[in-house]
Amino acid sequence: MTKIGRNQLCPCGSGKKYKKCCLIKPKSDSQLLKKRDELDILMEKGWSLVQENQTTKACDVWLELWDSLKKRFKPEFRDVKEAETIFSGCELIYNWCQDLEVELGNAGIDDSTYYRERIAYCDEFCSIFPASGELLMHNMKRAIAESYFALGNVEEGNKCFKQLIEQYPNNIWGYIGWGDMYLWPMEKDIKPDYNKAEQIYKMAVGKGIEGENHLNDRLNELKKEREKYA
């Protein structure tokens with residue numbers, strides 16, 4: 001195909017110069033499809049790396065994908081499910097966004113910088129898609145709080161968990177997640193604080209919150225841990 005100069009007449013027959021006509025028109029569906037395919041390749045590459053246990057490399061690829069996807073999100077998108085219209089790949093964006101959060105947490109175990117990436121990503125996700133489902137938003141905000149604890153910033157972690165249970169008082173996993181930070185500290189050098197864990201767990205006891213059986217399981221685990229190291 002012969003390359004068209006910017007100042008040549010546009011081949012569409014409009015009589016205008018190419019730079020003021022089709023050059024500035026929106027890309028065709030075929031061009032957008034090509035772009036989507038390129039993003040799909042990044043998604044698949046990330047999955048392959050996850051399966052090979054190369055988690056940090058997978059996260060690098062997927063963060064690149066996230067940056068590319070952000071450029072295509074529209075201001076009117078408030079729920080992540082609305083973003084499915086801009087991507088047709090091997091996985092739904094709704095599912096993949098949650099997988100990225102999880103893998104960033106896994107990568108943080110080997111390299112703490114990925115906990116910071118996790119905080120930034122989850123915070124950005126919540127800002128872009130604030131109308132997403134309650135469970136998804138809860139998980140993203142909980143991931144932020146956990147990551148602060150993993151980085152040793154207990155003060156910020158406590159603040160985030162406090163805000164989480166204030167916003168979602170009927171989600172048992174906010175209380176469990178917070179208590180877990182003291183029962184099973186994410187930092188290797190930090191000793192468990194059984195009293196603090198128990199105090200947080202019991203904040204949800206007797207409130208009739210769905211899933212209280214999971215909370216009772218934690219209290220039983222706490223009892224066993226205390227007896228083990230008594």
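## A walk through an all-helical predicted model

Let's begin with a charge and a ring: Lys81 places its charged end over the ring of Tyr94, 5.0 Å from the ring's centre. A similar arrangement involves Lys196, which lies over the face of Tyr182 at 5.9 Å from the ring centre. Keep in mind as you look around that this is a predicted model.

How far can you trust it? The average pLDDT of the chain is 88, and 83% of the residues score at least 70. One stretch to treat with care is residues 25–33, where pLDDT stays under 50 and the model has three contacts beyond four places in sequence. Where pLDDT is low, the predicted coordinates should not be read in detail.

Now for the overall plan. The chain has nine helices and zero strands, so reading from the N terminus you meet α-α-α-α-α-α-α-α-α. Of the 230 residues in the chain, 40% are buried. Among contacts between residues at least 6 apart in sequence, 52% join residues at least 24 apart.

Next, turn to the interior. In soluble globular proteins, nonpolar side chains tend to be buried together. Here the largest nonpolar core holds 60 residues, and those touching the most other members are Trp66, Leu69, Trp96, Cys97, Tyr121 and Phe125. Helix H2, residues 55–70, supplies the largest share of this core, with eight residues. Trp66 is a good place to zoom in: setting aside residues up to four places away in sequence, Trp66 touches Phe73, Trp96, Cys97, Leu100, Tyr121, Glu124, Phe125, Ile128 and Phe129. Trp66 also belongs to a cluster linked by ring pairs, together with Phe73, Tyr121, Phe125 and Phe129.

Two loop residues are worth a stop on either side of H2. Asn53 is found in the loop between helix H1 (29–51) and H2. With a relative accessible area of 67%, Asn53 is exposed. Most residues other than glycine have a negative phi. Asn53, though not a glycine, has a positive phi of about 60 degrees. Phe87 is found in the loop between H2 and H3, and its 5% relative accessibility means that Phe87 counts as buried. Phe87 and Leu69 are 18 residues apart along the chain, with their C-alpha atoms separated by 8.3 Å.

Helix H5 deserves a longer visit. Does its length agree with what its residue count leads you to expect, or disagree? At 1.5 Å a residue, the 17 residues of H5 should span 24 Å, and the end C-alpha atoms are 24 Å apart, so the two agree. Twelve of those 17 residues are buried, so H5 is largely enclosed by the rest of the structure. Its buried residues include nonpolar ones such as Leu136 and Ile144, and also Arg142 and Glu146. The buried residues of H5 pack against helix H3 (93–110), helix H4 (113–128), H6 and helix H7 (172–183). Just after H5, Gly152 takes a positive phi of about 85 degrees.

Within H5, which spans residues 134–150, find His138. At 1% relative accessibility, His138 counts as buried. Beyond its neighbours up to four places away in sequence, His138 touches Leu164, Tyr168, Asn171, Trp173 and Gly174. One of these partners, Tyr168, is 30 residues from His138 in sequence, yet the two are 7.5 Å apart in space, C-alpha to C-alpha.

H5 also takes part in ring pairing. The whole structure contains eleven aromatic pairs. In the pair formed by Phe149 and Phe161, the ring centres are 6.1 Å apart and the planes are at 55 degrees, so the pair is tilted. Phe149 lies in H5 and Phe161 in helix H6 (residues 154–167), so this pair ties together parts that are twelve residues apart in sequence. Both Phe149 and Phe161 are buried.

The last stop is helix H9, residues 212–228, where you will find Arg218. Is Arg218 buried or exposed? At 18% relative accessibility, Arg218 counts as buried, because the cut-off for buried is under 20%. Leaving aside neighbours within four places in sequence, Arg218 is in contact with Trp173, Ile176, Asp180, Leu183, Trp184 and Tyr201. Trp173 is a residue you have already met, as one of the partners touched by His138.

Notes:
Residues numbered from 1 in each chain as written. Predicted model: local features only at pLDDT ≥ 70, side-chain atom pairs only at ≥ 80, totals over all residues. Heavy atoms only, no water. Core = buried A, V, L, I, M, F, W, Y, C linked by side-chain atoms within 4.5 Å. Buried < 20%, exposed > 50% of the residue type's maximum accessible area, 1.4 Å probe, protein only. Helix = DSSP H or I, 4+ residues; strand = E, 2+ residues; numbered from the N terminus. Contact = heavy atoms within 4.5 Å. Phe/Tyr/Trp six-rings, centres within 6.5 Å; stacked < 30°, edge-to-face > 60°. Lys NZ or Arg CZ within 6 Å of the ring centre and 35° of its normal. Expected span 1.5 Å × (residues − 1). pLDDT = per-residue confidence, 0-100.
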